[in-house]
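Let's take a walk through this structure together, one feature at a time. Have your viewer ready, and we will move from a pair of facing residues out to the wider fold.

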Amino acid sequence: MNTDLQDYSHKRYNILTGEWVLVSPHRAKRPWQGQNEEISADDRPAHDPSCYLCAGNTRINGEQNPDYKDVFVFTNDFAALQSTSKTFSVNDGLFKAESEQGICKVICFSPDHSKSLADMAVEDINKVVATWQKEYTVLGAEPIINYVQIFENKGAVMGCSNPHPHGQIWSQSTLPNEVEKKDHQQQAYFDKNQTSLLGDYLEQELEVKERIIFENEHFVVLTPFWAVWPFETMIVPKRSQKNITELSEDESLSFSEAISKITKAYDKLFNCSFPYSSGIHQAPTNGKPNAHWHWHMSFYPPLLRSATVKKFMVGYEMFGSPQRDITAEQAVARLRDLIV
Ligand SMILES: [Zn+2]
């Protein structure tokens with residue numbers, strides 16, 4: 001390992017977005033005198049009569065949830081994007097705007113209010129993956145939909161208002177910023193090399209083995225070289241695939257196992273139900289070949305040193321670039337020890 005990367009401040013290049021992150025490992029060597037408090041998991045019931053996501057309960061719009069047994073999907077009652085909204089554009093001098101249409105859905109991972117992905121069996125996570133695949137196909141086939149964003153906000157600290165295990169799917173007409181950047185970087189690399197950018201990166205990571213947290217037959221869980229969040233991770237399929245519908249049954253189970261392993265390790269890291277935003281970046285559903293795309297799932301957790309010490313993106317990070325103290329390799333060493 002290049003020890004300079006662990007001792008001196010440097011910038012790391014994100015091959016997927018074309019942006020840089022500032023790393024300051026010398027700052028992480030400051031003695032830590034904070035507490036390592038134990039936060040007891042909430043004692044949540046398996047069914048909460050006041051939860052709008054629990055089976056059989058009535059949602060705010062008056063609809064009643066079915067008595068579902070595994071995964072349940074419904075169109076968001078308060079969607080940020082709507083399929084029937086007016087299309088228009090504004091081109092008034094320097095004032096420029098375009099209307100945006102979309103469909104937003106909510107996906108309950110389990111009827112059990114007290115669980116999270118980390119507590120669920122691999123076979124049950126696999127049912128969530130199957131639902132993601134189905135929704136990607138169904139939503140992607142809609143003429144107005146060119147991109148499907150699958151994500152989860154977990155924990156009150158991430159602004160998640162309901163502890164019931166659930167995620168969301170926002171699908172829309174155009175590519176959101178983060179996807180646009182990754183589309184551009186992958187396309188440029190593919191045009192030049194005729195290979196997958198992330199596939200080649202994975203090969204290099206598997207050679208040096210410095211940032212690998214977990215690996216099974218078809219997937220690798222790693223902390224990317226350019227990670228911004230202290231314990232950021234990424235799940236990458238070994239076989240180059242444009243989207244999650246290309247997963248074989250075997251690969252789907254491997255992916256579910258990878259999700260299970262990393263979410264369990266996260267919960268152990270600070271002995272709490274670990275908050276994060278996770279999301280899957282995959283090929284747009286715009287009818288183009290998109291051969292340059294290699295899908296992946298990322299976890300962006302905000303916790304830094306304990307269940308209560310959170311990293312804030314403020315100051316220099318708002319005005320300059322993202323910055324981190326603990327290096328990706330130091331974070332990996334801690335997470336790798338917690339994989340069982
Ligand atoms: Zn619930």
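**A guided tour**

Serine 278 has phenylalanine 299 in β13 as its bridge partner. Please keep in mind along the way that this is a predicted model. The pair is a handy entrance to the pairing of β12 (residues 276-281) with β13, which is antiparallel and runs over 5 bridges.

Strand β13 also pairs with β11 (residues 233-237): 3 bridges join them, and the two strands run antiparallel. Here isoleucine 235 is the residue to look for, as it stands opposite methionine 297 in β13. How is β13 (residues 296-300) placed relative to the rest of the structure? Of its 5 residues, 4 are buried, so the strand is largely enclosed by the rest of the structure.

Now let's turn to another sheet. This one is open, has 3 strands in the order β1-β2-β14, and shows mixed pairing. Its edges are β1 (10-13) and β14 (323-324); each has a single partner strand, so one side of each is left without a neighbour in the sheet. As a reminder, strands of a sheet pair through backbone hydrogen bonds, either parallel or antiparallel. For β1 and β2 (residues 20-23) the sense is antiparallel, with 4 bridges joining them. You can find tyrosine 13 standing opposite tryptophan 20 in β2.

Next comes the metal site. Which residues hold the zinc ion? Cys51 and Cys54 each coordinate the zinc ion through SG, while His113 and His164 each do so through ND1, at 2.0 to 2.3 Å. The angles among the 4 donor atoms are 105 to 116°, and the site is tetrahedral. For comparison, the ideal angle for four tetrahedral donors is 109.5 degrees. Along the sequence, the donor residues follow the spacing C-x2-C-x58-H-x50-H. Cysteine 54 sits in the loop between α2 (25-28) and β3, and histidine 113 in the loop between β6 (102-108) and α3 (122-140), so this pair ties together parts that are 59 residues apart in sequence. Are these two donors buried or exposed? Cysteine 54 is buried, at a relative accessible area of 0%, and histidine 113 is buried too, at 2% relative accessibility.

Our last stop is on the surface. Phe88, Val90, Leu94 and Phe95 make a nonpolar surface patch of about 470 Å². Within this patch, phenylalanine 88 belongs to the loop between β3 (72-75) and β4 (89-92). With 41% relative accessibility, phenylalanine 88 counts as partly exposed, because that class covers values between the 20% limit for buried and the 50% limit for exposed.

Methods
Residues are numbered from 1 along each chain as its sequence is written. This is a predicted model: local features need pLDDT of at least 70, side-chain atom pairs count only at pLDDT 80 or more; totals for chains, interfaces and linings use all residues. Side-chain values use heavy atoms; hydrogens and water are left out. Patches are made of residues with over 30% relative accessible area and no salt bridge: like charges are joined within 9 Å, nonpolar side chains (Val, Leu, Ile, Met, Phe, Trp, Tyr) within 5 Å. Accessible areas come from the Shrake-Rupley method with a 1.4 Å probe; for residues, only the protein chains shown count as cover. A salt bridge is a side-chain nitrogen of Lys or Arg within 4 Å of a carboxyl oxygen of Asp or Glu. Buried means under 20% relative accessible area, exposed over 50%, partly exposed in between (1.4 Å probe, protein chains only). Two strands pair if DSSP finds at least two bridges between them. Donors are N, O and S atoms within 2.8 Å of the metal (3.2 Å for Na, K and Ca); water is not among the atoms, so sites may look incomplete. Four donors count as tetrahedral if all angles lie between 85 and 135 degrees; four count as square planar and six as octahedral if opposite donors are over 155 degrees apart and all others between 65 and 115; anything else is irregular.
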